[in-house]
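Colleague: I am new to this one, and I would like to learn how you justify the words you use for it. Could we go through it together?

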Amino acid sequence: MFALRVALLVAACVSLASAGTGQLVQDVQPPVTLATTLQDYRLQETIKPQYYNITLRPYLLETDGAKRFTFDGEVFIEVQASTATNSVHLHSKNLTYSVSQYWAKPADGVTTTPTPISFNAANETDTDTDIVKLTTSANLEAGRSYILHFVYTGLMEDDMHGFYRSYYVDDNNVTKWLGSTQFQTNHARRAFPSFDEPQFKAKFDVTLIRHRTFNTASNTRLIGTYPHAQEGYYIDVYKTTPTMSTYILAFIVSEFTARKDTEFGVLARPEYYTQTQYPYNVGKLILKEMGAYLNLDYYTMGNDKMDMAAIPDFSAGAMENWGLLTYRERSLLVDESATTLASRQSIAAVVAHEQAHMWFGDLVTCQWWSYTWLNEGFARYFQYFGTAFVETEWDLDKQFVVDQVQSVMAMDSTNATNPLSDENTYTPAHLSRMFNSISYNKGATFIRMIKHTMGEENFQKALQAYLVKYSYQPSYPQYLLSSWQQFWPNSSYNSSSEAIFDSFTTQVGYPVIHLEVAETTVRFTQKRFLLKDNDGADESLVYTVPISYTYSGNVNFQNATPKFILRAGIATTVSYSQPLKWIIANVQQTGYYRVNYSVNNWNAIHQALISADHEGIHENNRAQIVDDLFNLARAGHIAYNLTLQVIEYLETETNYIPWTSAFNGFNFLTIRLGNDTANFNSYIQHLTQKAYNQLGFNETSEDRALDIYLRTKVLSWACRYGSTDCINKAKGYFQSLATVPKNIRATVYCVGLREGGAAEFQALYDKFKAETVATEETLLQNSFGCVKSQDLIERVFNLVISDEIRRQDKSSVLSTLYTENNENVSPVFALVTKQHEQLAEAMGGYSAVATVISNIASRFTTQQQYDDLVAFNKASGSKFGSSQATLTAAEETVDENLKWAESKLGDFRTYLASRNGSAVVNAFSALSLLLVALVTMLRH
């Protein structure tokens, strides 16, 4: 194989050299746009690749002249046909060809050089599907191997897809350019002609030609570097990859430095070398622990090295290229003095997520993006439970509930959702949709539910068997179910396993389980939970659901094993020997469902929550109760007064998990309140008072991670909603920006800008421009949106459309402008709509702008704002192409929100007003008693 590679390498150098620097002559005819059907987006399966040999030469230097930011490429693809055919279909995008030919692969031992045959001149290219349809003069024989050979050039664009260009400015103020890749889901075709679907697995040999000032990296180990015929250039040759999909191939051409040993390394720009220590340490440990849990060591799977690289411009958070994981800089690099604990946790979690993909995604791969959750669901699951193997003090199992389970439920309770396994997946837009919170959060939540149903040990054995059986193969959901069933005990409801699986993977949504609680009986029923009436969602769906519960007199929140299976459409009644004080279903929220109770049980739960130690109710279930109450009231299942009465218990709550659910619930309501938050200000300050007083601004040595996170949230809400003490202390810290404790910086920076003016903004902006820590730079730029004056709003907006904010960060910086202060919603909408063309250019297209407009509109609270949106859509919507549908959907959302506020928000306003009035009355009464006591004392 190595001798073959040397021969091909020589041929590649000759071919690339002979290609010259001028415009290449095309053997392949210009594209012909065809009428495209959904099925046209899929490749035919009659020809499959076995092996790619790819040579690439990027042009990144200023001296490269007109060729700068292009690349030369050559690829040999070994293929086999399952049936005789004269048609070869493969993917190609933005590539210009000079050679396009094929030949039959000589049999082993045959030394005769084959004669290349050009493809027929007549061919078709569908620019919608990126499929090139080539034809051969004679049929390719079934079962015989052929070599496809292409020489071409491509573009290194700045859109963070394909083989693209990125840059950074070094300590000497010199701009350094580099080449990196992002191929998922459909962008390998921009670097080389390929069978660019996950099912078409093959082995890859990669050769990279570089100038001496650069170094390179790829998926596998570098096995040789040779001088190129052109002085000053070298040829880097990489070891053959394992059998894998096109989308996880990767290569980098840069001036990066590496912290590494013989197996593991972290790559970054030289100035950031010191920030690679933590990801290096934690990455090695997580990779080892993941291999131990899955009984399959990473280094035995066909790749004997692992690198992680920090890329300045990167569209995704990170990417699971086998052996060369790529990340945004802020998602990998840690500075011990500046990186917050939350960012540190996020970095460890993203490392675990990408490393989990080595098994779930790289070794065993979803057959098509319809089953993205087979990759992403497991990666998101181990993002928490894999990190917890190493970082044991972060309570990640508890954070999972509020971060993953509860967050996905809102999306999955409307008509805008999709099933985990979605067969209607063809177009690039469909592919993008599959990388949503359904595949990630719901996928992970479903996996966790199965673990608790079949038992941890059985779950672990099943995953080990699944990985061994389907190594290097594409997988379907049925394969996973079969592996689970193999180890799923009959005593744990194996007979219902398929029904449970199908309920939550092929159907959309989830149920709300209603418990009708009598003295000694509880009747369990279900219906699909929907946030909105009449939005087109199917209300009739029912599910097969594992039900767990615990109750007063037999309290056990540690055992989340289901007590029974609630079958689709069949009520279940459970009897008890003693009268129930209260019952709570869905122990630790391990099941994917909401719970509603008869009012008597809600009242009993309230009494338990305000009792000593909340009567032992687990923090996950306290969070579940809060989240369910908010959403049941929002959907009209219960009255808001009931929700607000029960969550009054939060006055005594000092745990991060329930408070996170509470803040999420309040967030929806405060958005609907718009600028009318005076009564809410008093309410939230009173509700958070115990937590605020207990935590304060100062960390202590006794603080656990969740204490630090809760402090951040409580300070943020207290300062935002008018706590004078909070605001004054935060402003005091802002006066000395260099010494603000790292874990409260987000609050201090935001308060400084919200309560300050141009001088405060300039101080923070200057700090941002001088910053050399990626996580701190992100924190600073995401604080810019806390400004409130029109001139500063415009200044931040102008920053967003300038090159000072990288394209990958523009959306998040812009979003802070309208999320941090409700008053900014209309001014920001006016700016975005007035300058939508400039914003589209800055963000890379009208689709991104449509998303921004939709997100702003989701916060509208007045008829005038709705009218402004309709007027803009009418005047400019046609510019948005297919994204005009996003603008139309935004109108519907605003209309729904206005109607919801008209029918339900009054209850919340009335509660706040009456509660605020009661507080005033109580304060007056207390003062009167004090005066009476004082007068009495004076009289005596």
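Modeller: Gladly! Let us start with a definition: a residue is called buried when its relative accessible area is under 20%. Please keep in mind that this is a predicted model.

Colleague: Then what makes Gly361 buried or exposed?

Modeller: The relative accessible area of Gly361 is 0%. Buried asks for under 20%, so Gly361 is buried.

Colleague: Where is Gly361, and which residues is it in contact with?

Modeller: Gly361 sits in the loop between helix 3 (341-356) and strand 21 (364-366). Contact asks for heavy atoms within 4.5 Å. Leaving aside neighbours within four places in sequence, Gly361 is in contact with Tyr247 and Asn375. The C-alpha atoms of Gly361 and Thr372 are separated by 8.9 Å, with the two residues 11 apart along the chain.

Colleague: Why is strand 1 called largely enclosed?

Modeller: Strand 1 covers residues 47-58, and 10 of its 12 residues are buried, so the rest of the structure largely encloses it.

Colleague: How do you know that strand 1 pairs with strand 2 and with strand 11?

Modeller: A pair needs at least two bridges between the strands. Strand 1 is joined to strand 2 (residues 70-81) by 11 bridges, running antiparallel, and to strand 11 (residues 203-211) by 6 bridges, running parallel. Both counts meet the requirement of at least two, so both are pairs. You can look for Asn53 opposite Phe76 in strand 2, and for Tyr51 with its bridge partner Lys203 in strand 11.

Colleague: What is the strand order in the open sheet of 8 strands, and what makes strand 5 and strand 13 its edges?

Modeller: The order is 5-4-8-2-1-11-14-13, with mixed pairing. Strand 5 (117-118) and strand 13 (222-227) each have a single partner strand, so one side of each has no neighbour in the sheet. For strand 13, 5 bridges lead to strand 14 (residues 233-238), and the two run antiparallel. There, Leu222 stands opposite Tyr238.

Colleague: And which strands are the edges in the open sheet of 3 strands?

Modeller: That sheet has the order 3-7-6 with antiparallel pairing. Strand 3 (85-91) and strand 6 (124-126) are the edge strands, each pairing on one side only. From one strand to the next, the twist averages 25°. Strand 3 meets strand 7 (residues 131-140) through 6 bridges, with His89 opposite Lys133.

Colleague: How do you know that helix 14 is mostly covered?

Modeller: Of its 18 residues, 16 are buried. Helix 14 (residues 656-673) reaches 25 Å from its first C-alpha to its last, close to the 26 Å expected.

Colleague: What makes Asn655 a cap for helix 14?

Modeller: A side-chain oxygen of Asn655 lies 2.9 Å from the backbone nitrogen of Ile657, at the N-terminal end of the helix. A polar contact needs an N or O pair within 3.5 Å, and 2.9 Å fits that distance. Just after helix 14, Gly674 takes a positive phi of about 65°.

Colleague: Which residues touch the most other members of the largest nonpolar core?

Modeller: Trp359, Trp484, Phe524 and Phe666 do, in a core of 283 residues. Helix 17 (residues 705-720) gives the most to this core, with 10 residues. Not counting residues up to four places away in sequence, Trp484 touches several residues, including Phe378, Phe446, Met454 and Phe501.

Conventions: Residues numbered from 1 in each chain as written. Predicted model: local features only at pLDDT ≥ 70, side-chain atom pairs only at ≥ 80, totals over all residues. Heavy atoms only, no water. Helix = DSSP H or I, 4+ residues; strand = E, 2+ residues; numbered from the N terminus. Axes fitted to C-alpha atoms, helices over the stretch in contact; angles between N-to-C directions. Core = buried A, V, L, I, M, F, W, Y, C linked by side-chain atoms within 4.5 Å. Buried < 20%, exposed > 50% of the residue type's maximum accessible area, 1.4 Å probe, protein only. Expected span 1.5 Å × (residues − 1). Polar contact = N/O pair within 3.5 Å; in protein donor to acceptor, adjacent residues only side chain to side chain.
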